[in-house]
Amino acid sequence: MLLEPKDLFERLEFDKVLELLTQLCLGELGREVTAAIRPETDLAAIEQKLEEVSEFRRTIDRSDPFPITAYFDIAPDLRMLDIEDYVLSEEAFRRVNIVLLFTRDIFRFFNPERRLLYPALYEIVRPIPFDDGLIKAIEKVIDEDGNIRPDASPELMRIRKNILSKQGELDRVFRRIIQEARNNGWLSDNVESVRNGRRVLSVPSEHKRKIRGIIHDESATGRTAFIEPEPIIEINNDIFDLESEERREIYRILKELSATLRPYSPQMRDYLHLLVRFDVLQAKARLAVQMHGLKPRVADKAQLGFIKSYHPLLLVKNKQLNRKTVPFTLHLHHENRLLLLSGPNAGGKSITMKSVGLMQLMVQCGLLVPAATESEFGIFHKFFADIGDQQSIEDDLSTYSSRLANMRVFLENADRRTLVLIDEFGSGTDPKIGGAIAEAILRELNHRKVAGVITTHYSNLKIFAFKTKGLVNGSMTFDKDSLSPTYELKIGRPGSSYAFEIAQKSGLDAKVLEYARRRVGEQEGAVDQLLIDLQREKQELEEQITQLALKEQKADKLIKSYEQMYRDLEFRKKRLKLETKEQELQQTAQGNRAVEHLIREIREEKNLEKAREMAQKLREERQKLAQQVTVLQEEVYQQPEIKKSPIRKGDFVRLRTGSAIGRVEQVSKQKAVVLMGDMRLTIKLLDLQHSNEHLEINSRASVQTDTIDQSAGFQSKIDIRGMRMDEAMRVVEAFVDQAIMIGANNLRILHGKGDGTLRKAVRMKLREYHFPMDIKHPESSEGGDGVTLVTLA
């Protein structure tokens with residue numbers, strides 16, 4: 001990622017976005033991460049970050065609070081814990097326990113329902129195991145205030161019990177001594193105090209020899225001595241010894257706890273990183289709420305697709321001031337990559353340009369932006385910006401020199417994945433020379449296929465953008481009636497500076513303006529107007545070309561449609577002719593019985609010659625009819641293929657070696673599942689070719705002949721068990737029709753026994769056929785009443 005200049009974030013005000021983000025973080029570690037955010041160039045990483053923020057914002061919108069609050073940085077504590085035999089303090093354990101408790105709450109947040117609602121957030125915690133045992137180990141020793149629990153160990157309980165006993169004894173003895181000393185008038189107004197961790201009496205100096213004990217201290221004036229009475233010295237010594245034992249026992253307990261947690265140090269670091277990650281996410285989500293940020297689409301290419309977009313910081317500011325913010329829509333891709341933006345000063349050119357750069361940075365940093373969700377952002381690997389005054393006394397650079405230095409860097413490094421943002425392009429020197437240099441630089445940038453937004457007032461740049469492919473003019477509109485900017489972006493036409501109108505509104509003397517108008521003359525204004533007219537005419541021509549292209553496409557579709565309709569009509573005509581011939585062939589087959597009967601009679605009469613003549617005549621008629629049927633089938637089914645595309649699901653196909661037509665239900669590897677009638681066949685793609693859609697024939701199918709093979713794949717048995725009545729009858733009807741058509745003799749229908757309803761329905765369906773057939777049931781061992789056998793005569 002290349003950013004030029006080095007203060008690009010400040011130029012585009014991205015540093016202010018990061019500052020707002022940092023303020024919303026709950027922990028110092030989160031603030032450090034947000035301050036170091038940099039744009040990504042990997043599409044998957046960007047989309048993942050955007051989805052995570054979008055889901056976290058959803059928890060806010062749904063009033064489903066995520067369990068995260070201010071947390072401690074336990075990284076230093078974990079570093080010390082890694083040192084062998086190092087003992088963490090009670091306060092350190094308290095900080096670690098708080099982090100563990102927050103982590104446990106996060107894991108508990110993702111119940112089964114929320115895992116479905118927030119899959120991207122759940123994916124963050126899913127790979128990390130959580131162990132409640134760490135919390136239990138700490139809470140067994142440390143209470144919620146960070147102190148050692150009295151029952152942390154049996155020994156500690158014993159010591160503290162003895163300390164309490166000794167303190168009670170000390171209190172009783174001390175009260176008795178005070179009473180005696182007070183009765184004798186040996187005490188000052190402040191009866192007692194504490195010195196060196198021990199209770200002492202406040203005794204006036206003149207009485208200090210009257211009370212036996214140890215003098216621990218004297219007042220600054222020397223008038224008061226602080227004496228530990230002799231009767232409590234032994235008790236205080238016992239308490240001191242017990243407190244020393246207590247400290248040693250606490251150290252032993254903490255050392256043991258440190259040793260217990262030490263192996264889990266890496267796991268606790270993961271928990272800390274988890275908290276930091278969710279801290280950054282909640283900050284991004286809360287910022288998105290402030291900015292009305294949404295998740296746009298992102299594509300791995302250099303493009304700008306902003307729909308109803310706002311400058312994020314301006315939107316937040318105007319929202320606080322109750323002001324309206326005007327959105328803009330901008331599409332830069334393919335043909336038009338560079339927008340040359342012109343218009344009046346203070347009309348919104350620079351804000352629009354900065355909005356483009358700022359929102360592009362935000363998206364590539366995983367931040368939601370105030371733009372419609374239909375917006376489609378690209379991904380850029382280089383960001384170049386020349387905005388504002390960059391003169392440098394240290395480097396001995398004037399404003400224009402610094403701009404030329406920036407242009408040199410841009411031209412050396414720019415490519416098709418570069419976003420360029422230039423404000424007031426060409427300004428800072430003589431307009432004529434500056435405009436020419438700016439045009440040359442713009443030409444080179446366009447040659448390098450960069451994308452971006454450039455603001456200018458120079459007419460030569462507007463004309464260059466009008467004539468050059470890859471560049472497009474744009475303007476910020478101006479209300480001539482109110483002499484005020486509308487802040488609306490218009491793509492496709494250059495804008496005027498409206499310098500005289502703005503000067504007049506500002507109150508500049510009319511004489512001064514009149515002199516200026518005479519000096520400029522009409523030519524300058526005419527150039528702007530001519531450019532606007534040319535741009536409008538260009539747009540109109542482009543629209544006409546687009547409409548003509550659409551009409552041409554529509555005409556091509558109509559021609560193809562008519563050609564297809566003609567082919568379909570021819571197909572139907574031939575199919576109808578084929579159907580008629582098949583019916584004739586069928587009628588011939590049905591007359592076979594009578595003819596054969598007649599031949600038998602002739603044979604019985606010993607007139608063999610006459611029988612041979614009639615048989616020969618019959619064979620010739622059938623052969624001729626069958627040949628006609630075959631020719632028609634060739635015309636209908638075996639015409640050259642029209643389609644050259646691969647066979648796909650839904651296509652009509654036929655076997656290369658047959659005439660049966662079916663529809664492709666599934667294509668897998670080099671095979672296809674084809675539905676032919678009521679049969680599903682798995683056939684190699686090499687054995688199939690495209691065909692016209694099969695036309696259903698309402699009349700009975702023809703009988704089998706030597707030249708017509710329609711029996712491919714026919715099964716002489718069907719199973720209709722479990723089907724609904726109407727479905728079963730349709731299957732039986734199709735089955736018997738196909739059997740008659742191919743001349744099958746023996747059929748087997750498996751319907752089951754049940755209550756006999758389906759068996760009776762099958763018999764009734766078979767009786768509908770006016771065709772000689774024998775209907776019966778097999779032996780009990782072969783199915784009995786559950787099977788119907790049909791023999792076609």
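## Salt bridges across the structure

A salt bridge is here a side-chain nitrogen of Lys or Arg lying within 4 Å of a carboxyl oxygen of Asp or Glu. In this structure, which is a predicted model, a search of the whole structure finds 39 salt bridges. Some of them are joined to one another, for D171, R175, E192 and R199 are linked in a network of salt bridges.

Two further pairs can be described with their surroundings. In one pair, the side chains of E249 and R252 meet with a distance of 2.6 Å from N to O, and these residues stand three residues apart in helix α11, which covers residues 230-261, so that about one helical turn separates them. E249 is buried, with a relative accessible area of 8%, whereas R252 is partly exposed, with a relative accessible area of 39%. In the other pair, R443 forms a salt bridge with E444, and the closest N and O atoms are 3.5 Å apart. R443 is exposed because its relative accessible area is 52% and exposed means over 50%, while E444, at 27% relative accessibility, counts as partly exposed.

## Helix α15

Helix α15 runs over residues 399-413, and its 15 residues, at 1.5 Å a residue, should span 21 Å; the C-alpha atoms at its ends are 22 Å apart, which agrees with that expectation. The buried residues of this helix are Y400, S402, R403, N406, M407, V409 and F410. These buried residues pack against four elements, namely β1 (2-4), β11 (382-386), β12 (418-422) and α16 (431-447).

The helix also holds a salt bridge of its own, in which the side chains of R408 and E412 meet at 3.3 Å from N to O. R408 and E412 are four residues apart in α15, and are therefore separated by about one helical turn. With a relative accessibility of 47%, R408 counts as partly exposed, whereas E412, with a relative accessibility of 55%, counts as exposed.

## Strands β17, β18 and β19

Strand β18, formed by residues 671-676, has side chains that alternate along its length. A672, V674 and M676 point to one face and are buried, while K671, V673 and L675 point to the other face and are not buried.

Strand β18 pairs with β17 and with β19. Strand β17, residues 661-668, runs antiparallel to β18 and is joined to it by five bridges, and within this pairing the bridge partner of Q666 in β18 is V673, one of the residues on the face that is not buried. The hairpin of β17 and β18 has two residues between the strands, and in this hairpin K669 takes a positive phi near 55°. Strand β19, residues 679-684, also pairs with β18 in the antiparallel sense, over six bridges. In that pairing M676, whose side chain is buried, stands opposite M679 of β19.

## A nonpolar surface patch

On the surface, M80, I83 and Y86 form a nonpolar patch, and together they have about 240 Å² of accessible area. Y86 lies in the loop between α5 (75-81) and α6 (90-109). This residue is partly exposed, with a relative accessible area of 32%, and it can belong to such a patch because patches are made of residues with over 30% relative accessible area and no salt bridge, nonpolar side chains being joined within 5 Å.

Technical notes: Residues numbered from 1 in each chain as written. Predicted model: local features only at pLDDT ≥ 70, side-chain atom pairs only at ≥ 80, totals over all residues. Heavy atoms only, no water. Buried < 20%, exposed > 50% of the residue type's maximum accessible area, 1.4 Å probe, protein only. Pairing = 2+ DSSP bridges. Patch = residues over 30% accessible without salt bridge, like charges linked within 9 Å, V, L, I, M, F, W, Y side chains within 5 Å. Areas by Shrake-Rupley, 256 points an atom, 1.4 Å probe, with all protein chains shown as cover. Expected span 1.5 Å × (residues − 1). Contact = heavy atoms within 4.5 Å.
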